[in-house]
Amino acid sequence: MATINPNYDKLAAGYLFPEIAQRTQAFLDAHPGVGVMRLGIGNTTEALPKSVVAGLHEAVDAMAHVDTYRGYADGGEGEPEMREALAKRYAKYGVNLDVEEVFVSDGAKSDSANIQSIFGLDNVVAVQDPAYPVYVDSNVIAGRTGESVEGQYEGIVYMPCTEENGFFPDLPGDKVDLIYICSPNNPTGGVATKEQLKGFVDYAREHQAVIFFDAAYAGYISDPEFPRSIYEVEGAKSCAIELNSFSKDIGFTGVRLGWSVVPMELTVDRAGPGKVNGLWNRRQNTFFNGASNIVQLGALSVFTEIGERECQEMISYYMANAKLIRSTLEDIGLTVFGGQHAPYLWLKTPHGMSSWDFFEKLLSETHVVGTPGSGFGPSGEGFFRLSSFGHREDIEDAVESIRRNLKL
Ligand SMILES: Cc1ncc(COP(=O)(O)O)c(C=O)c1O
C-alpha cells in the first residue's frame, strides 16, 4: 500500500495566503458592489523593461532558426552566457566568483526550498522570525522538525527579529548548523549592515555552520553602505550560499529566473572545498533540466547600460510607492518600519491589536488588504506587512482610504 510523506501533515503555516483570500472573499460577498485594494502579496505589477522585452524577442527569434536553435543546455546549471554575466556582476561588489560557482534556476523560491536537500537531516536549522515561509516549510517536509506547537515547530531554532533588536536577530545561543538570513528582509523590510552579517559569518565559521543568504531584494538597496551580497563580508565564501532572483528587479515573477551561488571554498563537516558545490551541481542536474533558455538569453539585456537603467527605474517606481505608504502611515500616527531599502512596510498594529484583528479592521474600515505579520512566524504577531508592489493610482487610492477611514 502506498503511503504519503507524513511530514506534509505537520505543515501548520502555509495557510496564510489562502486564509487571506478566503477572508477577503467573505468580505466581498457580504458587501456587494464594494471593491478591495490589495497591498498584501509581493507580486509585481509593472510591465517588463523595454530592453528585456527586446532581449526576449531576440531569444525567441533565435529559436526559429536551425543555426541558432538551442535545446537542453549541457547541464542544469544554466546557459554559459548567463552564468558568466552573473559572475561578472559580483565583481561590482568587489566579489570574485568563478562561473562554476553560479547556478541559474527558475527562481529563488525553488532554490531556497531545495538547497536544504544536500545537507543531512541531523542539521539544526535556524530561521529569522518572522521569515519567508518556504525556509521553514521545506525543512518540515524534509523531516527536520517535529510538530508545530503554538506556532513554532519543534526542532527549529527561531531567531526573533523585534523592534528591540532592529529586526535583525541576535546570534543563536545554541549551536545551529543551517542558518537562513534574508536581507533586505521579507517581511520586515529591514536591511542588514555589514557588521551584522559579519557576526553571522564569524559564527558560521566557528561552528562550521552554513548560511543560506536570500538576497532576492538586493536590488532595492539604495545605500552602498549596506551589502548587496553576503560575499562582501570577509570569510563568507567559506560558509555561505547565496540565493537570488530576477523577480523583483525586472518583474520576472511570472517569467521565472533566479540563481544561486555555491562557492568552491565552502566547507562543512567531512566535505572539503568543492564538495558542496558538486552536490548542488549533482542535485540540479538530477532534478532540473535548467531554466528556459529563452528567458536566460532574453534577460542578458539586464546587464547592458540601458538594461540596468530601466531596472533601476522599475525599482524606483516601487520604492516611490513605499515612500507614499510609509509617509501616510506615519502621518496618521502609526509606527512603521521598512520601506527604505525594501519594497515592504512593517507596521506595528495600533493599541497592541493582534495581526489578524488588524487585518479585519483595515479591510472593513478602509477596504485595504494586507498581510498579518503573525503569518510569517510568532514574532510577527502584533505587526502587519504592506507591499509597495502596485500601480501608483491603486497605491494612492489605498493610502487615501487609510488616511480617511482608518479609526485609530
Ligand atoms: C525573500 C524571498 N525570497 C524568494 C522569493 C521568491 O523569488 P522567486 O520569484 O525568484 O521564486 C520571494 C518572493 O516573494 C521572497 O520574498
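Arg-270 is exposed, at 80% relative accessibility, and has a phi near 55°, a positive value in a residue other than glycine. The model is predicted. The points below cover backbone geometry, strands, helix 2, a buried loop residue and aromatic contacts.

**Backbone geometry in loops**

- Arg-270 belongs to the loop between strand 10 and helix 8 (275-287).
- A positive phi of about 55° is also found at His-351, which is not a glycine.
- His-351 sits in the loop between strand 12 and helix 11 (355-366), and with a relative accessible area of 70% His-351 is exposed.
- The peptide bond from Ser-183 to Pro-184 is cis, with omega near -10°.
- Asn-186 and Pro-187 are likewise joined by a cis peptide bond, with omega about 15°.
- Pro-184 lies in the loop between strand 7 (178-182) and helix 6 (194-207), and Pro-187 has its place in the loop between strand 7 and helix 6.

**Strand 9 and its partners**

- All six residues of strand 9 are buried, so this strand is largely enclosed by the rest of the structure.
- Ala-240, Glu-242 and Asn-244 point one way from strand 9, while Ile-241, Leu-243 and Ser-245 point the other way; residues of both sets are buried.
- Strand 8 (residues 210-214) runs parallel to strand 9 and is joined to it by four bridges.
- Across this pairing, Phe-213 stands opposite Glu-242 of strand 9.
- Strand 10 runs antiparallel to strand 9, again with four bridges.
- The bridge partner of Ser-245 in strand 10 is Gly-258.

**The four-stranded sheet**

- Four strands form an open sheet in the order 11-12-15-14, with antiparallel pairing.
- Strand 11 (336-338) and strand 14 (371-372) are the edge strands, each with a single partner, so one side of each has no neighbour in the sheet.
- Strand 12 (residues 344-348) and strand 15 (residues 383-387) are paired in the antiparallel sense over five bridges.
- Lys-348 stands opposite Phe-383 of strand 15.

**Helix 2**

- Helix 2 (residues 50-63) has 14 residues and reaches 20 Å from its first C-alpha to its last, close to the 20 Å expected at 1.5 Å a residue.
- Ser-51, Val-52, Gly-55, Leu-56 and Ala-59 are buried in helix 2.
- These buried residues cover an arc of only 140° around the axis, which puts them on the same side of helix 2.
- An α-helix has 3.6 residues a turn, so residues three or four places apart point the same way.
- The buried residues of helix 2 pack against helix 7, helix 9 (293-299) and helix 10 (305-331).
- On the face turned away from the buried side, helix 2 carries the exposed residues Lys-50, His-57 and Glu-58.

**Glu-77, a buried loop residue**

- Glu-77 lies in the loop between helix 2 and helix 3 (80-91), and with a relative accessible area of 14% Glu-77 is buried.
- Leaving aside residues up to four places away in sequence, Glu-77 touches Arg-83, Val-102, Phe-103, Val-104, Asn-281 and Asn-285.
- Two of these contacts, Arg-83 and Phe-103, also meet each other: the charged end of Arg-83 sits over the ring of Phe-103, 5.6 Å from its centre.
- The C-alpha atoms of Glu-77 and Val-233 are separated by 25 Å, with the two residues 156 apart along the chain.

**Aromatic pairs and charges over rings**

- The structure holds 23 aromatic pairs.
- One of the pairs is formed by Phe-246 and Trp-259, with a tilted arrangement of 5.1 Å centre to centre and 55° between the planes.
- Phe-246 lies in the loop between strand 9 (240-245) and helix 7 (247-250) and Trp-259 in strand 10 (residues 258-261), so the pair ties together parts that are 13 residues apart in sequence.
- Both rings belong to buried residues: Phe-246 has 2% relative accessibility, and Trp-259 has a relative accessible area of 2%.
- Ring pairs also link Tyr-217, Tyr-220, Tyr-317, Tyr-318, Tyr-344 and Phe-389 into a cluster.
- Arg-23 lies over the face of Trp-356, at 4.1 Å from the ring centre.

How values were computed. Residues are numbered from 1 along each chain as its sequence is written. This is a predicted model: local features need pLDDT of at least 70, side-chain atom pairs count only at pLDDT 80 or more; totals for chains, interfaces and linings use all residues. Side-chain values use heavy atoms; hydrogens and water are left out. Rings of Phe, Tyr and Trp (its six-membered ring) pair if their centres lie within 6.5 Å; planes under 30 degrees apart count as stacked, over 60 as edge-to-face and the rest as tilted. Helices (H or I, at least four residues) and strands (E, at least two) are DSSP runs, numbered from the N terminus. Buried means under 20% relative accessible area, exposed over 50%, partly exposed in between (1.4 Å probe, protein chains only). A charge sits over a ring if NZ of Lys or CZ of Arg is within 6 Å of the ring centre and within 35 degrees of the ring normal. The expected span of a helix is 1.5 Å times one less than its number of residues. The arc is that of the directions from the helix axis to the C-beta atoms. Contact means heavy atoms within 4.5 Å. Two strands pair if DSSP finds at least two bridges between them.
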